[in-house]
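Here's a quick look at a few positions in one model. Pull up the structure and follow along.

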Amino acid sequence: KIQRTLAMIKPDAIDNSPDIEKVIMDEGFTVVERRRVRLTRPEAEEFYGEHRGKSFYSSLIEYMTSGEVLALILAGDDAITHWRKVLGPTQVSRAREEAPESIRARFGDPDNDSNNAVHGSDSVTSAQREIKFFFPDLTLEPVLTGE
Ligand code: CMP
């Protein structure tokens, strides 16, 4: 089934975005939209609202506002799961063990759990929310089967 997902290249990996975009192309995703932006603190807090109160929340917000990010809408077959597989595990040290070819293993920081290079929506609901967050004015046609 064709889906859309929100990919975000984080501040520590923005200089590697050409290499990361090559992976995106090689994996067969279509880039529907792109936007490079520096998030304000309130924006980062909204995007990561579900993590409010967690031990890593304030350092995550600090990090996510430290420089520009590149947000991309990706489309493709099973895009949500496919993109998360290409990313690898959230923790870079684990990604290096379990998925050495993954983007987080290649471009993330194994010594800092926030600096994992890239983000990917984890469900249809979060993909819709996150796409709307970065592209509020964009009207997208519904995809044929499921969102
Ligand atoms: P992401 O997939 O964007 O979603 C939440 C982010 O919080 C995660 O990637 C990391 O950047 C960051 N983070 C920092 N510490 C942790 C942790 N211990 N567990 C999960 N996420 C963490």
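What follows is a short tour of three residues and their surroundings.

This is a predicted model, where local features need pLDDT of at least 70, side-chain atom pairs count only at pLDDT 80 or more, and totals for chains, interfaces and linings use all residues. Residues are numbered from 1 along each chain as its sequence is written.

The unreviewed UniProt entry has a "binding site" annotation covering Lys10, Phe56, Arg84, Thr90, Arg104 and Asn116; such annotations may be inferred rather than shown by experiment.

Let's take Phe56 from that list. Phe56 sits in the loop between α2 (41–47) and α3 (57–64), with helices being DSSP runs of H or I, at least four residues, numbered from the N terminus. Skip its neighbours within four places in sequence, and Phe56 is in contact with Asp113 and Ser114 (contact: C-beta atoms, placed from the backbone, within 7 Å).

Arg84, also covered by the annotation, belongs to helix α4 (residues 79–87). Not counting residues up to four places away in sequence, Arg84 touches Gly120 and Asp122.

How exposed are these two, and Pro42 from helix α2? A residue is buried with 20 or more other C-beta atoms within 10 Å of its own, exposed with 12 or fewer, and partly exposed in between.

| Residue | Other C-beta atoms within 10 Å | Class |
|---|---|---|
| Phe56 | 13 atoms | partly exposed |
| Arg84 | 19 atoms | partly exposed |
| Pro42 | 10 atoms | exposed |

Pro42 counts as exposed because it has 10 such neighbours. The C-alpha atoms of Pro42 and Thr65 are separated by 9.6 Å, with the two residues 23 apart along the chain.

Conventions: Contact = placed C-beta atoms within 7 Å.
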